[in-house]
Number of protein chains: 2
Amino acid sequence: MNLSAVAKKNEPIILVTNDDGITAPGIRALIEAVHGKGRIVVVAPDSPQSGKGHAITIGVPLRLDPVDIFDGIEAWQCSGTPVDCVKLARDKILKGQVPTICLSGINHGANHSINIIYSGTMSAAMEAAIEGIPSAGFSYLDYSFDADFTICKEVVEDVADKMLTTDLPRGTLFNVNIPEVSREQFKGIKICRQANAKWVEEFDERRDPHGKKYYWLTGEFKNLDSGNDTDVWALENDYASLVPVQFDLTSYQLKEKLSKDWKL
Amino acid sequence: MNLSAVAKKNEPIILVTNDDGITAPGIRALIEAVHGKGRIVVVAPDSPQSGKGHAITIGVPLRLDPVDIFDGIEAWQCSGTPVDCVKLARDKILKGQVPTICLSGINHGANHSINIIYSGTMSAAMEAAIEGIPSAGFSYLDYSFDADFTICKEVVEDVADKMLTTDLPRGTLFNVNIPEVSREQFKGIKICRQANAKWVEEFDERRDPHGKKYYWLTGEFKNLDSGNDTDVWALENDYASLVPVQFDLTSYQLKEKLSKDWKL
């Protein structure tokens, strides 16, 4: 075994996925940002999967096909959800080899605050984190197809470097959102908490050509949090936000209260 | 206005939903358990939505149709996910009236530990909790169509009564799982934390009639937690588990650590 084979053997495996689908510009930007840092393996949905949350596919079987659209980087498209992609990557593509890190995105649109709950981008990263792989989801506050990902790529590279060189606790997961600002305006990355926010829905009610009602989901974002340590605050003040995320959803505070109050 | 009209005006609104679909036996059992406790409004998916997590429907419009299958109780079926049902209920059925509580289930199958992340049952309840409605999801460890819901109904009634009579903090959400045991074995409800557990996936690889591969998701549940205060422990010891759940996913511990360790 020569030295270069040893280096090859120890190089990090970077699993890349997203929820906008494998042809979205954001995933290409993410790949470019970490190019050269290890063996990149891309497994992403074959169609847009925004808002799919932590959905998995159990009622229909899944398809998985190799694609060659990233200059020779190993890539697969999957007919399932972002979470399916991560599960299939582990079992069928990496065949039990554990990725060093998993990066999801770059999502076209914000996933700060309560949006994490609905986000396929973050759910894919969470799925990897549940598997013990340090993971991060990246989202850009510019929805447009021709968004400029320059600052995003710098943020991805910075966070990926830190993830590859820091000893992180099992279950580490970051929700990173990047503001739409110029280089001059951009103030760097800020570690934040999830803002308390929600969506106020108003369904757009229409009638089909047969006179029957149907509804489009629309909504208005409402920030209920005035703190200056939240992701929403950071983004409004030209920082990229990084929220460390957990998937133990137990409310220990309410658990303690009810254990006292309720006779069970 | 006479007295009965006043009583009517102040009666609780109980929003009922699920992820197994409006015709599942579990939702009927849930309705029976809370019958007479208030105005029941049922809004549930028109088809099974297991494993849909917190998915919302944004790429296609939604349908919403009244159904009369619960002896005159107001009920609607929706073409979307469990979370869509809760959103539509608020905006288009209750037209801004806030339900007193929201109950989801009774799910056919367990939603303890990490399963909460994938569960449509729990995501529907969480959506209502985000809206400020005290909510609970109920799941029964018996998958069969003709499962006996007797003990489940007692648990639902007990929890619903407590929710209707206790002053609970905003965002209250419970994940309740009920073991498949006899009346004699059943030990009551225990307040727990979410067990640290995961699924080890093995996709079942097959070939279609054209020779092309496809995959079915299968997996083995792995409890990594030896604590005796977890939901998995409770269920294994013949208790129903009640985990208070939160949707602030910030890991404050990791946030503190990184704020010190990382130069940002």
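**Close-up views of chain A**

For residues 14-200 of chain A, UniProt lists "domain: Survival protein SurE-like phosphatase/nucleotidase" in an unreviewed entry; such annotations may be inferred rather than shown by experiment. This is a predicted model, in which local features need pLDDT of at least 70 and side-chain atom pairs count only at pLDDT 80 or more. Residues are numbered from 1 along each chain as its sequence is written.

**View 1. An open sheet of nine strands in chain A.** The strand order is 3-4-2-1-5-6-7-13-8, with mixed pairing. Strands are DSSP runs of E, at least two residues; helices are runs of H or I, at least four. Two strands pair if DSSP finds at least two bridges between them. Strand 3 (64-67) and strand 8 (189-191) of chain A are the edge strands.

**View 2. Strand 7 (residues 173-178) beside strand 13 (residues 240-244) of chain A.** The two run antiparallel and are joined by four bridges. V176(A) faces L242(A) of strand 13.

**View 3. Helix 5 (residues 150-165) of chain A on the sheet.** Helix 5 lies across strands 1, 5, 6, 7, 8 and 13 of chain A. Helix 5 runs at about 165° to strand 5 of chain A; angles run from 0 to 180 degrees between N-to-C directions.

**View 4. Helix 2 (residues 25-34) against helix 5 of chain A.** Their axes come within 8 Å and cross at roughly 50°. That makes helix 2 of chain A oblique to helix 5 of chain A (neither under 35, over 145, nor 65 to 115 degrees). Residues in contact (heavy atoms within 4.5 Å) include L30(A) of helix 2 and V156(A) of helix 5.

Methods
Chains lettered and ligands numbered in written order. Heavy atoms only, no water.
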